[in-house]
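Here is a guided walk through one protein model. Keep the sequence and the coordinates open as you read.

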Amino acid sequence: MNCFSQRVLFKSKTRLICLSVLLLSFSCKSRITNKTDVLVKPIDLVIENIRNTYNVSLVDAKPEFGWVLPGTIKTQTAYKILVASSKGILENNSGDLWNSEKVLSRNSINIEYDGAPLKEGQTYFWKVKVWDEKNTESLFSNIQSFKLGKSNSTITTANSFQVDSIKPVKTNKMAGNSYFIDFGKDAFANLHFEYKAKENDTLIIRIGEQLIDGAINRKPKGTIRYQEIKVPVNPRKRDYILPIKPDKRNTKKGAIILPDSFPVLMPFRYAEIENYNQNFNANNFTQLVYHSYWEEDESYFESSDAILNQVWDLCKYSIKATTFAGVYVDGDRERIPYEADAYLNQLSHYTTDREYAMARQTIEYFMEHPTWPTEWQLHVALMFHADYMYTGSTELIEKYYEDLKHKTLMELKREDGLISSSNATPEFMKKLGFKNPKTKLKDIVDWPPAQKDTGWKLATEEGERDGFVFKPINTVVNCLYYRNVEILAEFAQLLNKPEEAKTYGDLAAKVKLAINTILLDENKGYYRDGEGTEHASLHSNMMALAFNIVPEKHITSVANFIKSRGMACSVYGSQYLLDALYNANKSDYALDLMRSTENRSWYNMIRIGSTMTLEAWDMKYKPNSDWNHAWGATPANIIPRGLWGIQPKTPGFKTAIIKPQWGDLSFSKIKVPTVMGSISANFKVKDNSEINFNVDIPGGMTAEFVLPDSLRDVFLNNKKVNENSILILHPGTSNITAKF
């Protein structure tokens, strides 16, 4: 009832005025309250899991939408999506292409478009509103635009690239008219500079990754990059892009070719300018750094250990810097995707940025472009599974399920279920995607091998393989194979193929039994390298423990054997070594390995001057190594997934599991991106007797928080709980305290 109606009803002027004022006051307060209730809206919109859709063309004509709930909404009960052909139409809250109406659903990711057909080359606009558990309606989100491009044989849309303009952090005048520039970090980049020449002249510019005696190393070892370039300058020109010479090896057939819009890129941190005949101004020089779309504030980590913090920074930056090719590549030497490299990159990319398109593109690439190592083929299913768990999407599984069966190598099995790569025929290699019928699978275990394979005189007799003895039935291969069959059983169930799910489930159990019967030394309590040898390596045991193959009664003995071997593996192998240790609750040793200052450590990479992870622990372990290899960035995912224990328990992070294993750290804080929004947490140890956690869970997610059994007097939000129970955390901030 409005104020005019009230005026008609009441005859008393005084009474009318008083009542009108009261009603007006109530009405205004009511409007303010309601506005406060709904002054929230969905945030962080994505389409095809891409956040910034500028300069992106979708390949899927029925794309998936997603969003993050604002902090004030704990649970979504419904949503409404509008898609329009123009921004103006959408601003009028109309969806001429799709109005989903109110859909009762808690789902806020992977919602497929269900409107009028979209046309290639057209730009569209969308927004969404949601309802919470009280049926309170939110405002509409901000508008996101998207463009439909050409469809192709893949279903993954490529993300956009970014170019960062980095200015020098340090400069020095050298002899004569020469200057030294340090840009602070190695990066896949080119050099832009301004120079106003008084006459035709030539600058000599050197760029490189490594210093020696305060100058760029002009004869670096291996694939450490260096180049000297002569640049003609003249008075008619001011802006220059460095004409870097392309490298023949990483631009040949098989290498990932960069977009035509890119200049030639080379990883470098330092520059030297010779014959610079004008007043030197450092701001005239810019390192143009190329990488895929990246949001720096999506993740962070800090702890009471200064070395661990440096290792995290090194590894996180390595992931960002090596996204320059649009798919995961091995580094600058070849710029070729390899399955094992890519899986490690994928895990670390997921834990450092809310980015999933690159992993999906790389997965699709591997279905057509396999590589020869046996174990590398067995990483493809691992990539599919990680994509499914972190995004909740089943698209790739649905498309490639039949082809993925071959990648598990189950066709190479013998009667007891174990496989041997020696059973691969040319016909089978063709099923894997190999075009050359002469290509053969070869067990690799780890890399690099010893000098008998390469001619290198390495620091250890067997390279990074810990003396592994190769046999047709290989323990490392069969541990990976077991996990592949397990994944296939899960995918069959997901695709409503119950008979196949049972077949693969039974096969997984059979393989596990065979591994533990034939390859486990019951008396010694650890695994042999293969059938027909008594030798036991770090690799056989860490793989069995990483994939939960080890019987309960042997977990301690296997873990102890692993600890006895030290870091007797490569930077690649460290992924499974650390996975195994956190699986066995050996967090103290895992932490010691990550913050070690020995030669075989991440700190050694920092100490020798690299700002990206190396291909190997040191040049002496792999003489042709490069200084820009992201498969060495394992702590970027192990710190969130292992030390903090933050992983998806159910697909798409609807339920997270948080199982911190902090070792002797007295403080840590972390932020981990997920498709549902970020998980943020911190802990602090007080007087070595009490630990306090604060954990923030995004809307729409629950988390199972697992503490060691040794803790007592556990309180969740000031309420005492059973010490050995799993704490269920709901959206918002939870406080947990416990005594040692």
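Start with a buried charge. Aspartate 443 is buried, yet it has no salt bridge. The nearest side chain of opposite charge is arginine 465, and it is 9.4 Å away. A salt bridge needs a side-chain nitrogen of Lys or Arg within 4 Å of a carboxyl oxygen, so arginine 465 does not qualify for aspartate 443. Bear in mind that this is a predicted model.

Where does aspartate 443 sit in the chain? It is in the loop between helix H10 (426–432) and helix H11 (451–454).

What do the side chains of serine 421 and asparagine 474 offer to aspartate 443? Each makes a polar contact with the aspartate side chain. For serine 421, the contact is 2.8 Å. For asparagine 474, it is 3.4 Å. Now widen the view, leaving aside neighbours within four places in sequence. Aspartate 443 is then in contact with Thr374, Glu375, Ser421, Phe470, Lys471, Asn474 and Val477.

Next, turn to helix H8. It covers residues 380–391, twelve in number. From first C-alpha to last, H8 reaches 17 Å. That is close to the 16 Å expected at 1.5 Å a residue. Is H8 enclosed or open? Twelve of its twelve residues are buried, so H8 is largely enclosed by the rest of the structure. An α-helix has 3.6 residues a turn, so residues three or four places apart point the same way. The buried residues of H8 include Val380, Leu382, Met383, Phe384, Met389 and Tyr390. His385, Asp387 and Thr391 are also among them. Just after H8 comes glycine 392, with a positive phi near 80°.

Now the strands. An open sheet of three strands runs in the order E1-E3-E7, with antiparallel pairing. Strand E1 (43–47) and strand E7 (111–112) are the edges, and each pairs on one side only. Strand E3 covers residues 64–68, and two bridges join E3 to E7. Look for phenylalanine 65: its bridge partner in E7 is isoleucine 111.

Finish with a hairpin. Strand E11 (residues 170–173) and strand E12 (residues 179–194) run antiparallel, joined by four bridges. One bridge pairs lysine 170 with aspartate 182 in E12. How many residues lie between E11 and E12 in the hairpin? There are five. Glycine 176 is in this turn, and its phi is positive, about 60°.

How values were computed:
Residues are numbered from 1 along each chain as its sequence is written. This is a predicted model: local features need pLDDT of at least 70, side-chain atom pairs count only at pLDDT 80 or more; totals for chains, interfaces and linings use all residues. Side-chain values use heavy atoms; hydrogens and water are left out. The expected span of a helix is 1.5 Å times one less than its number of residues. Buried means under 20% relative accessible area, exposed over 50%, partly exposed in between (1.4 Å probe, protein chains only). Lys and Arg count as positive and Asp and Glu as negative; His and the chain ends are not counted. A polar contact is a pair of N or O atoms within 3.5 Å; within protein, one must be able to donate a hydrogen and the other to accept it, and residues adjacent in sequence count only if both atoms are side-chain atoms. Contact means heavy atoms within 4.5 Å. Two strands pair if DSSP finds at least two bridges between them.
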